[in-house]
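I opened the notebook to look up how charged side chains pair in this structure, and I wanted to keep a careful record of each step.

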Amino acid sequence: MKQVQSMLRDYEAFSFFVLTGIMFLPVYFHLPLALMVIFYLFYEQRKSLVDMITAQPVLMIGLIYAMLNALINQNFLGTMVPVGYLILYLLSHIYLKWITPYRYEKLMALVMVGSGAVAVLSLIKYLIYSLQHGYGIFYIFKYSNIQTRAEGTFFNANYYGMFCLFALAVGLYLLKKETKVLRPRLLYLLIGLNLMAIVLTASRIVLPLAIFVFVVFYSVLQPKRLIPLGGVLGLSVILLIAFPNIFPRFTSLVYAFEDRFSIWHVGWEIFMRNPLFGYGPMSYSHLFHLYTDKADIHSHQLYINLLANYGIIGMVLLLYIAKNIICRFFKALWTERTPEAALFVTVVMVILTHGLVDVAILWTQSFYFAIIITIPLIYQKI
């Protein structure tokens, strides 16, 4: 009770725990609530906002570049995206001043509990649909063209699958910590629920990446395990290809890649129209009609999407802005053998690998990604 009273007196602690919790709600609920909490934090930090902005001049140049680029190309929807980036940056700046290792573990425990609740919700929705329509509980394994996929409270199944991968990594991290904020049995249950939810998403990329999460996490902790763990991953991929019938939607894998190739081609053509500067954020949704009748919001490939949005010049600017994260990534990968390094490397590797076939880092996923990868900065402050 005293801890709760103390947290209520600390408006930052209260705000970040509330914000982390409400992000699990459906977007039409969490969006207005999240914006209220965020702007409350901004109001409390109003005297420091200008200093936060001037502290990162290159980032501000990048945001202005993206906004002007979209405006010049009459990509008006894209002009709003840099505003979202600015809000996320300011929120991250406040968060980094507040977060400590103890608070981080508490926050990650909340992420795991929330992920378990969403996984149970996904299972209930799946069972209701499959039983009401007479398909049976194994419906997802019987048909390739299934009519229900677990989305949780996220935008779609692929976005939810990405979050589940984050949750797996966070669960493994908490299991490795000596100070247990959640009991190991509960963590195993929550990890199991997220694995179940990944199966229910029927995502052809998320399922093998679930194995990838375990391989990367434990390989960072003990590099000697890389070869046997890599063998397990390779064997799993072979099984997915050799026996597609036992995995959801894998029998239509060839069609899926044909569909992806056509979308990637459109994204690449948009990039080649203006390879130096791109057309600003959301360029695919702005220009897809020049090449195809199939509407989409992005090119389903992170790297093509970034090139189409920002061009070569924008990508160079982006790499410069992200140079600290890149340096921390390689340091954690090659020299550190801690749970913190394993979590950081795993989450970044999930983004980079998943990005080969989709773009799944948007509103909700970006928030959880941002609060998870701050972990190297936290331990630098000790």
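I first fixed a term: a residue is buried under 20% relative accessible area, exposed over 50% and partly exposed in between, with a 1.4 Å probe and protein chains only. I noted that this is a predicted model, in which local features need pLDDT of at least 70, side-chain atom pairs count only at pLDDT 80 or more, and totals for chains, interfaces and linings use all residues. Residues are numbered from 1 along each chain as its sequence is written, and side-chain values use heavy atoms, with hydrogens and water left out.

Entry one, salt bridges. I looked for a side-chain nitrogen of Lys or Arg within 4 Å of a carboxyl oxygen of Asp or Glu, and I found three such salt bridges.

Entry two, the network. Glu-105, Lys-177 and Glu-340 are linked in a network of salt bridges. Between Glu-105 and Lys-177 the closest N and O atoms are 3.9 Å apart, and both residues are buried. From Lys-177 to Glu-340 the closest N and O atoms are 2.6 Å apart. Lys-177 lies in the loop between helix 9 and helix 10 and Glu-340 in helix 17 (helices being DSSP runs of H or I, at least four residues, numbered from the N terminus), so this pair ties together parts that are 163 residues apart in sequence. Glu-340 is buried, with a relative accessible area of 11%.

Entry three, the remaining pair I looked up. Asp-358 and Arg-260 meet in a salt bridge at 3.7 Å, N to O. Asp-358 counts as buried at 2% relative accessibility, and Arg-260 counts as buried at 18%.

Definitions and conventions
Helices (H or I, at least four residues) and strands (E, at least two) are DSSP runs, numbered from the N terminus.
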